[in-house]
Amino acid sequence: MKTITRLIVMILCIGLAACAAPRLNPPLETYDYRHGYRFGNCSTRDNPDELFIALTFSGGGTRAAAFSYGVLKGLQETKVVHNGAQIRLLDEVDLISSVSGGSFTAAYYGLYGEQIFIDFEARFLKHNVQGDLAVRTFAYPWNWFRLLSPNFSRIDIASDYYDEKLFSHQTYAGLAQDCRRPFIVINATDLSLGARFEFSQGQFDLLQSDLAGVSVGRAVASSSAFPGLLTPLTMRNYEKTVFVEPAWVGRVIQFDRDISPRRYKHAQEVRSYFDAAHRPYVHLVDGGVSDNIGLRGIIYSLMYPDVLISGDQSNVTDSREFNLQRMIADHKIKKLLVIVVDAKPGEDVHLDQSPRTPGLVPVINAVASAPMANYSFETVQLLREYLKQRRHELRKAPEPFELKTYVIHLRFDLIADPAVREKIKGLGTNFHLSEEAVELLIEQGKQLLRDSNIFQNKFLKDLSSQQ
């Protein structure tokens, strides 16, 4: 009798799994650039643009989350006098752009603010998240049956867990309702395009979708969905009825192919979302695939005036989309500080100590990490070179303007103590580290910020000299 009962339950579970409805992002019913989670809709009442601070948090599992958290604590502990008042630098952060492991820290701070310094270590950094995910996948029988459905996969288990344990099922509606700086940009990768995909209403306009109905847990899950370990997260790309292709896209595709290949490629990527017949769905994977330090969006906003505003509204002066070029051109920003928090542990040459041919797993790890590190270094250098050129142009303009810029690249190879460097180098890219390792990473985040020559001897000195 018990066997029959179990069989009936199993059949019912399989049936329920097969009928499971797909979990898709909701459609956008009406388009209004003045609403939704957009940079320009976040209050600047206590955080003016004159001093603009942008942080980028890299990928790297709990290692990246803890390192980024340490930098936040370092900024919290740094007090300066600005415009005649003493402030904490943390309160002046305007934007955090994150990828993969760094997205957990960014999203938590975006949702809960100062609460992060009370419970984030216990709830995430020092918790065995990887073990919990394994238990949910392999030890919960109902998930076995749910995984049989084509509408449910491992990424759904992860996002459900993050929603429940970390983000209290909060959606972007909550972030938009109480929109305050810093603006949080969680980055994933559009699998088919290999292009950066950010969780902002501007990006979701291209899908004609309402980001307000998407949970923060699903955004973080897609940002950290490393190919092979987690399945991609699927988004619906709706037929466009209320959102029209931005006017600049057609102009760039027609005229800029040879003048600006990078901008031309971006315009093609944007246009692809308007072909919903051929792209009814978009699949998202780890943001590190397209940009492992979360810096490319900031660079693009510096180099080009493009904003994702619908069709004939492209020339509105009250654009809510993030664009640093426009803010600098309007002389809103006088000092720009970009801190890149890069949790790549450094080169691993242990494979070169043996003549044996490396196996599949070591090769995959090396191929996945080494190009990311090289690409990240070049991305930071691109930012520095562009800002140097921009400062020169502004000084030579008919109305000269002095823009101060500071780019700080915090990374583990800058750690002075070789023993500490070796300890961190041995930490894996996973979501379970010892408490000792987490505390070491947090301390290094604070210490590297304090030790930065650009931070101490340029940025802070420039701030104090103008009082």
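## Close-up views of the predicted model

**The disulfide C42–C179.** C42 is buried, its relative accessible area being 4% (buried: under 20%; exposed: over 50%; partly exposed: in between; 1.4 Å probe, protein chains only). Please keep in mind that this is a predicted model, in which local features need pLDDT of at least 70 and side-chain atom pairs count only at pLDDT 80 or more, whereas totals for chains, interfaces and linings use all residues. Residues are numbered from 1 along each chain as its sequence is written, and side-chain values use heavy atoms, with hydrogens and water left out. The partner of C42 in the disulfide is C179, and the two sulfur atoms sit 2.0 Å apart (the cut-off for a pair of cysteine sulfur atoms is within 2.5 Å). Distant parts of the chain are linked here, since C42 belongs to the loop between α1 (2-18) and β1 (51-57) and C179 to the loop between α8 (172-177) and β5 (183-190), 137 residues apart. Like C42, C179 is buried, at 8% relative accessibility. The structure holds 1 disulfide, the one in this view.

**A cavity with C179 in its lining.** Stay with C179 for this view, as C179 also helps to line the largest cavity, along with Y37, G110, L175, D178, R180 and P182. The space inside the largest cavity is about 40 Å³. In total, the structure has 2 cavities of 30 Å³ or more. (On a 1 Å grid over the protein atoms alone, a cavity is a set of points where a 1.4 Å probe fits but cannot get out; lining residues have an atom within 4 Å of a point. Points are joined across faces, edges and corners, and the volume is the space filled by probe spheres set on them.)

**The salt bridge R180–D178.** Two of the cavity-lining residues, D178 and R180, are joined by a salt bridge whose closest N and O atoms are 3.1 Å apart (a side-chain nitrogen of Lys or Arg within 4 Å of a carboxyl oxygen of Asp or Glu). Both partners are partly exposed: R180 has a relative accessibility of 33%, and D178 one of 48%. Elsewhere, E77, E443, K446 and R450 form one network through salt bridges that share partners. The structure holds 24 salt bridges.

**The salt bridge E439–K126.** What does this pair tie together? The closest N and O atoms of E439 and K126 are 2.9 Å apart. Because E439 lies in helix α17 (residues 435-451) and K126 in the loop between α4 (116-125) and α5 (129-138), the salt bridge ties together parts that are 313 residues apart in sequence. E439 is partly exposed at 42% relative accessible area, and K126 is partly exposed at 24%.

**The salt bridge D32–R34.** D32 and R34 meet with their closest N and O atoms 3.0 Å apart. D32 is partly exposed, with 23% relative accessible area, and R34 is partly exposed too, with 47%.

**The surroundings of I333.** Is I333 buried or exposed? I333 is buried, with a relative accessible area of 0%. I333 is placed in the loop between α14 (324-329) and β9 (335-342). Leaving aside residues up to four places away in sequence, I333 touches D49, E50, F52, L324, M327, I328, F401 and L403 (contact: heavy atoms within 4.5 Å). L403 is 70 residues from I333 along the chain, yet the two C-alpha atoms are separated by 7.5 Å.

**The second largest pocket.** Which residues lie nearest the centre of this pocket? They are R196, H266, R296, G297 and Y300, from a lining of 36 residues. Two or more lining residues each come from β4 (93-99), β5, β6 (195-198), α9 (201-205), α12 (261-272) and α13 (296-303). Helix α13 gives the largest share, 7 residues. The volume of the second largest pocket is about 850 Å³ (a pocket is an open set of grid points with protein on both sides within 12 Å along at least five of seven lines).

**The whole protein, for orientation.** Stepping back from the close-ups, the protein has 18 helices and 10 strands (DSSP runs numbered from the N terminus: helices H or I, at least four residues; strands E, at least two). Of its 467 residues, 51% count as buried. Among contacts between residues at least 6 apart in sequence, 80% join residues at least 24 apart.
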